[in-house]
There are 2 protein chains.
Amino acid sequence: MDELRARVEQAKKSLFFSGARIADHLNSFLNERGRLCEEIGGTHADKIRHIFLVGSGGSFASLQTAKYILDRIINIPSEVVMSYELIWRNYRRLDKDALVIFSSYSGETEDTVAGLRMACKRGAGTLAIVGQPESTLAREADIVIPYANGAIYEIPILAVLLYAFGLVGCDNLTPDMSAIYNSIFQLPEAAGEASQLEETVAEAKARRLLSADHIYVLGSGPLSPLAYKLAMSVIMENIRIGGTYSDASEWRHGPVEALSNIKPNLIALLGTDESRQLTLQTIDFCRQHGSEVLVYDAVESANVHPLLTPLVMNSLTQWLVVYSALLRGITDLDARVFMGHRMLTSTGASWP
Amino acid sequence: MDELRARVEQAKKSLFFSGARIADHLNSFLNERGRLCEEIGGTHADKIRHIFLVGSGGSFASLQTAKYILDRIINIPSEVVMSYELIWRNYRRLDKDALVIFSSYSGETEDTVAGLRMACKRGAGTLAIVGQPESTLAREADIVIPYANGAIYEIPILAVLLYAFGLVGCDNLTPDMSAIYNSIFQLPEAAGEASQLEETVAEAKARRLLSADHIYVLGSGPLSPLAYKLAMSVIMENIRIGGTYSDASEWRHGPVEALSNIKPNLIALLGTDESRQLTLQTIDFCRQHGSEVLVYDAVESANVHPLLTPLVMNSLTQWLVVYSALLRGITDLDARVFMGHRMLTSTGASWP
């Protein structure tokens, strides 16, 4: 037991486990870069016809979350694209009137660097949100928003949102938009408090799932991309077991039939937004048919605007992952078996 | 064995197994409705500022495929949205200048009907692609494209593409766009021949996967949405075992780490488009690390434009599913345990 405590303390220093220091991370970004993001948006007002949001892995999920909120704020069409797909899709409308926003913590992700170079060739504007200011992405993009800490999921979302509020201009906000904007600045405290509380219950949750060799993660609305990230690039990447993502509303359109035959272990992310009722129904149905469902309920933990709950709940799920990994003998949360060792790239890039 | 043959013959009559009659299905749609789709597009030229493509389950995947191709054809921004998300996202730009295209075979899908009613309230134009012309969706949409047969995945894609070619106008096609357009009319023969050939090898493929209780499906580029459909609304829905979808390029960004610990059964859809090389790399990597990978290679089967391969390969995967279901004792491919029995809806809708 003392060894587990010691491992958790050690894990708090890992890049992965930003949830342990989330209030500081969010505060320092908002204080140091918040105004920059809004100013960049301000200079782009009326100049952008289309926004592409480009990333891979966790960054892809982070940008999906950003877009969900963006759709309420700006009138400009936007879409999230996996990095290589920006090249493969060969969009007709990727041109000088488009802004392409790239997100990559390392700034060296093979796919994302390739996407940036293609966007430059097409004459589109480029903006990079990167954790490493000395990286290829930072060097080659038109505009850079660097951040110095490890809230890798949350900070690109904040950067995109503040950029969008800059685009719209503070004089043009509807009451709903103002509510989102104001709640951004409640996030550090809300996320910090929720993460602290989670510390006391996370081990028990991890033990409930300790025998699982596959976990399904459901979420809906603004929490759907976080469910995707948790299944595909956290459970499979950090706990190294099987994972499946499904939107909680889509679960009814096919996957649910398997419950007649299998009893999957489920994690459900339950929000405070319009999608809550449907996710509740899905949770009830799964439980009635024999599934174990671990629920993260934003009502209990995320005292922020309903669209911003993912920025609180990511930290809570990190506690689960830290305990799950440690209890399964994975002690270095930043170590990777395959990724980052140039085994998965064809160009000599370091990531993945 | 004779019993299995008899079951397969019976399955060919099911709604699910359109692959057995795919050439007829595609031909009759192109002959009976092709011109209608283009004409509707023609009347919308210069009148549409944004296109939303809305569906759930298999229809959602079908529309994702359509959008992948659409991005090469039209300059108008488009996005695919799960039906309830059209309501939840509350897009600022959902207004009279937007066209919302809905797809639902039954025309009674709870989520999609709710989305249609919301779009009407917002003053957007609405177009429904439905298999049942007497349905709620057909009654309430501004424009209806009905189809009388069961190629539920392929026909909405064709309808959207022909609509898009109508929007652009046949005088304005680039050589690449003309190549896509011309290849549409090769599809019935190409898909029919490929499906016939698959009949001779499908049982052996199903037997390779017969002990699997979970299957991962990878695909990239235009085949990525078909991989999603196969995992979530075919394997889980029709074979009733576990399923996971991952884009083949995203597999490197997280999920791959689990291969250090698990040896998943994989199906890979391999295209002839720009994404082929990366999917090949991913397949090789998985095999090197002990995974069984069943590959569907479009080079061998889909003699059509590289963007149209999903419209051939869906039928091939149906053969696998038919044999897999029958060999596991599921004999009625159109029967559902939970869906369609009003157990999963709150409004009294029949589907899901």
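What rotation, and what shift along its axis, superposes chain B on chain A? In this predicted model, local features require pLDDT of at least 70 and side-chain atom pairs pLDDT 80 or more, whereas totals for chains, interfaces and linings use all residues. Residues are numbered from 1 along each chain as its sequence is written, chains are lettered from A and ligands numbered from 1 in the order in which they are written, and side-chain values use heavy atoms, with hydrogens and water left out.

Chain B is superposed on chain A by a rotation of 180 degrees with 0.0 Å of shift along the axis (RMSD 0.0 Å), the fit being by least squares on the C-alpha atoms of residues with pLDDT of at least 70 in both copies. The two copies are thus related as by a two-fold rotation axis. Within chain B, T244(B) comes closest to this axis, its C-alpha lying at 2.5 Å.

Contact (heavy atoms within 4.5 Å) links 76 residues of chain B with 76 residues of chain A. Because 100% of the interface residues of chain B are also interface residues in chain A, the copies meet through the same surface. The buried area, defined as the accessible area (1.4 Å probe) that two parts lose on being put together, summed over both, is about 6,500 Å², with carbon and sulfur atoms giving 57%. In chain B, W88(B), R92(B) and E257(B) lose the most area to chain A, together 13% of what that side buries.

Ten salt bridges (side-chain nitrogen of Lys or Arg within 4 Å of a carboxyl oxygen of Asp or Glu) are found across the interface. One salt bridge joins the side chains of D71(A) and R93(B), at 3.2 Å from N to O.
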